[in-house]
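The questions below ask what stands behind the terms used for this model. Each answer sets a value against its criterion and concludes.

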Amino acid sequence: MANHYRQSAAITGGAPRTCYYTLTFAVTFPHSEDVCYLAYHYPFTYTTLMTHLDILEKSVNPKQVYFRQEVLCQTLGGNPCPLVTITAMPESDSADHLEQFRQRPYQVITARVHPGESNASWVMKGALEFLVSSDPVARLLRENFIFKIIPMLNPDGVINGNHRCSLTGEDLNRQWLSPGAPLQPTIYHTKGLLSYLSSTGHSPVVFCDFHGHSQKKNVFLYGCSIKETLWQAESTVGTSTILEDVSYRTLPKILDKLAPAFTMSSCSFLVEKSRASTARVVVWREMGVSRSYTMESSYCGCNQGPYQGLQFGTHELEEMGAMFCLGLLILELKSVTCSHQLLSRAATLLNAEEEVLVASLAQGLQFGTHELEEMGAMFCLGLLILELKSVTCSHQLLSRAATLLNAEEEVLDLHLQR
Ligand SMILES: [Zn+2]
């Protein structure tokens, strides 16, 4: 690595100059008439996406899983931009079941607006595969939500090998304030879909746009908080007088415990002026979605947690996508509107979650007395969870288990912060 490139004073306006590193390498092609591709990250092409969607569609049992591929719109280059809908088929044709089907809340996930960020597509692949799978958590998710997924917001950029832009040379994630149908069709129609949901009282519980990050490690979320933004800007508006719903913090806290690659410590909830025209900020501000996020995955790997020192492979990225979906279910379990029926079925879920946590916490540590004492406490906690899982467990205890889930996570919070 050499440091050949310095930004000129003309670009920075005379401010201290930023240094960039230049990676130089030589490639020898051993075969003549060969075709070689150089990739910035694990490739994930438009053809791969379309093939994968067809494979997923064929893999599901259409009597149980509602999986629809539609064309959101044609891109500027004339390529269909797919829109995927995933939910569970209605339990029966009865009026009640059809009504439950129609009234399910929405979750909206998008990815790959920046064509060079192929890591986002691998995370999306993991999410899609998980959502159509036979995993009981995936079933619960399908029965309780309708997923609207636009897995590739910039097919033209991906097909043409662009790094960040569309065919017009624009960064499509800076066009959300007033996208135009002729030049930014995918953004125009995605925003249209979200506006429609919002105007019919079906604003998504969570909106998340998957990205890749070339400078930071780990996986993390950017969210939107007016209070944290004002506080950071040392605004003269008394931030203590602003009452803000802090629910935007719950999902990242859940993912921090659940997903080995994810870290809360890199998350940020500032709304910078330079980001005013991004999906995250526009969906939050114009459609009132408090849980509107960008999820960033490192091109590199992790510098914390069980994956510390590991360079991400596609496996870890796909796992992150599945964990994101699991996080959406746990978010619902923690919400006040969560149904009793879902809560009682969460006993099974607890199992899955604990297996994940055990796998991520136990590696490479020499016991101190603290860990031994913790084991004693955890044994007692285990006795309660055993009761929750028994068929004789009372409804009263099960409904109080919502509190338990909460408490358990706070306890883990404390352990992890040390
Ligand atoms: Zn990006």
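Q: In which strand is Glu296 found?
A: In this predicted model, Glu296 is in strand E9, residues 292-298. The record for Glu296 is a UniProt one: an unreviewed entry lists the residue under "active site".

Q: Why does Glu296 count as buried or exposed?
A: Glu296 has 26 C-beta neighbours inside 10 Å. The cut-off for buried is 20 or more, so Glu296 counts as buried.

Q: What does Glu296 touch, not counting residues up to four places away in sequence?
A: The contacts are His211, Gly212, His213, Lys216, Val219, Phe220 and Tyr222. Phe220 is also the bridge partner of Glu296 in E9.

Q: How do you know that E8 and E9 pair, and in which sense?
A: There are 4 bridges between E8 and E9. Pairing needs at least two bridges, so E8 and E9 count as paired. The sense is antiparallel.

Q: What makes E3 and E8 the edges of the sheet?
A: The sheet is open and has 7 strands, in the order E3-E4-E6-E5-E7-E9-E8, with mixed pairing. Strand E3 (65-74) and strand E8 (219-222) each have a single partner strand, so one side of each has no neighbour in the sheet. From one strand to the next, the twist averages 20°.

Q: How do you know that E6 pairs with E4 and with E5?
A: Strand E4 (residues 80-88) is joined to E6 by 3 bridges, and strand E5 (residues 106-111) is joined to E6 by 5 bridges. The requirement is at least two bridges, so both pairings stand. E4 and E6 run antiparallel, while E5 and E6 run parallel. Val84 stands opposite Ile149 in E6, and Gln107 stands opposite Phe147 in E6.

Q: What makes strand E6 mostly covered?
A: Strand E6 spans residues 146-150, and 4 of its 5 residues are buried. For the protein, 35% of the 418 residues count as buried.

Q: What does helix H10 lie across, and at what angle does H10 run to E9?
A: Helix H10 (residues 279-287) lies across E5, strand E7 (207-213), E8 and E9. The angle between H10 and E9 is about 165°. Angles over 145 degrees count as roughly antiparallel, so H10 runs roughly antiparallel to E9.

Q: Which residues of H10 are buried, and what covers them?
A: The buried residues are Ala279, Arg280, Val281, Val282, Val283 and Trp284. Their cover includes E5, helix H7 (185-199), E7, E8 and E9. After H10 comes Gly288, whose phi is positive, near 65°.

Q: Why is the packing of H9 and H11 called oblique?
A: Helix H9 (residues 250-258) and helix H11 (residues 314-333) pack at an angle of about 125°, and their axes are 9 Å apart. That angle makes H9 oblique to H11. An angle of 65 to 115 degrees would count as roughly perpendicular and one over 145 as roughly antiparallel, so about 125° belongs to neither class. The crossing of H9 and H11 is right-handed.

Q: Which residues of H9 and H11 meet?
A: From H9, Thr250, Leu251, Ile254, Leu255 and Leu258 take part. From H11, the residues are Met323, Phe324, Leu326, Gly327, Ile330 and Leu331.

Q: What makes Thr250 partly exposed?
A: Thr250, in helix H9, has 16 C-beta neighbours inside 10 Å. Buried needs 20 or more and exposed needs 12 or fewer, so Thr250 is in between and counts as partly exposed. Leaving aside neighbours within four places in sequence, Thr250 is in contact with Leu331 and Lys334. Thr250 and Ile330 are 80 residues apart in sequence, with a C-alpha to C-alpha separation of 9.6 Å.

Q: Why is Gly313 called exposed?
A: Gly313 has 12 other C-beta atoms within 10 Å. The limit for exposed is 12 or fewer, so Gly313 counts as exposed. Gly313 lies in the loop between E9 and H11. The C-alpha atoms of Gly313 and Tyr299 are separated by 9.6 Å, and the two residues are 14 apart along the chain.

Methods:
Residues are numbered from 1 along each chain as its sequence is written. This is a predicted model: local features need pLDDT of at least 70, side-chain atom pairs count only at pLDDT 80 or more; totals for chains, interfaces and linings use all residues. UniProt positions are given in the numbering used here, feature names are shortened, and annotations may be inferred rather than shown by experiment. Helices (H or I, at least four residues) and strands (E, at least two) are DSSP runs, numbered from the N terminus. Two residues are in contact if their C-beta atoms, placed from the backbone, lie within 7 Å. Axes are lines fitted to C-alpha atoms, for helices over the stretch in contact, and angles run from 0 to 180 degrees between N-to-C directions. Angles under 35 degrees count as roughly parallel, over 145 as roughly antiparallel, 65 to 115 as roughly perpendicular and the rest as oblique. A crossing is left-handed if the near helix is turned anticlockwise from the far one by less than a right angle, and right-handed if clockwise.
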